[in-house]
Amino acid sequence: MAKSSSAAALRKIIQQAKPQSTEIEVAPGDDLWESRLLDSFAVVRLVFLLEEEYEIVIDFKDVTAKNFRSLESILALLRDKYQISSNP
């Protein structure tokens with residue numbers, strides 16, 4: 001069975017990547033860097049958690065600000081490169 005993800009699932013994973021932040025309330029298109037939900041340390045942790053959750057290996061070339069800018073961009077990366085389908 002194919003794996004799938006959603007903005008809600010990603011919010012939970014980001015919460016794990018940056019546990020000191022309060023509950024994450026961010027729209028799918030909001031900038032995760034500007035909102036300070038992601039920083040250099042949190043993105044490394046997020047990549048690890050995504051790999052663990054979806055049983056994938058994310059190529060270091062894919063770890064860019066563009067791909068990790070928003071929930072939408074992360075979902076697009078997972079869908080387009082790693083065949084993880086997106087759910088609403």
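**Exercise 1. Locate Gln83 and Glu55 and describe their backbone and exposure.**

Gln83 lies in the loop between α3 and β2 (85-87), where helices (H or I, at least four residues) and strands (E, at least two) are DSSP runs numbered from the N terminus. This is a predicted model, in which local features need pLDDT of at least 70, side-chain atom pairs count only at pLDDT 80 or more, and totals for chains, interfaces and linings use all residues. Residues are numbered from 1 along each chain as its sequence is written, and side-chain values use heavy atoms, with hydrogens and water left out.

Step 1: the phi of Gln83 is near 55°, a positive value in a residue other than glycine. Step 2: Gln83 is exposed, with a relative accessible area of 57%; buried means under 20% relative accessible area, exposed over 50%, and partly exposed in between (1.4 Å probe, protein chains only).

Step 3: Glu55, in the loop between α2 (40-54) and α3 (71-82), likewise is not a glycine and has a positive phi of about 55°. Glu55 is exposed, its relative accessible area being 66%.

**Exercise 2. Describe how α1 packs on α3.**

Two packed helices are described by the angle between their axes and the distance between the axes. Step 1: helix α1 (residues 7-17) and α3 pack at an angle of about 105°, with their axes 10 Å apart; axes are lines fitted to C-alpha atoms, for helices over the stretch in contact, and angles run from 0 to 180 degrees between N-to-C directions. Step 2: α1 is therefore roughly perpendicular to α3, since angles under 35 degrees count as roughly parallel, over 145 as roughly antiparallel, 65 to 115 as roughly perpendicular and the rest as oblique.

Step 3: the contact (heavy atoms within 4.5 Å) is made by Ala7, Leu10, Arg11 and Ile14 of α1 together with Leu71, Ile74, Leu75 and Leu78 of α3.

**Exercise 3. Describe how α1 packs on α2.**

Step 1: the axes of α1 and α2 come within 8 Å and cross at roughly 130°, which makes α1 oblique to α2. Step 2: the residues in contact include Leu10, Ile13 and Ile14 of α1 and Leu46, Leu49 and Leu50 of α2.

**Exercise 4. Summarise the fold.**

Step 1: the protein has three helices and two strands, and along the sequence they follow the pattern β-α-α-α-β. Step 2: of its 88 residues, 41% count as buried.
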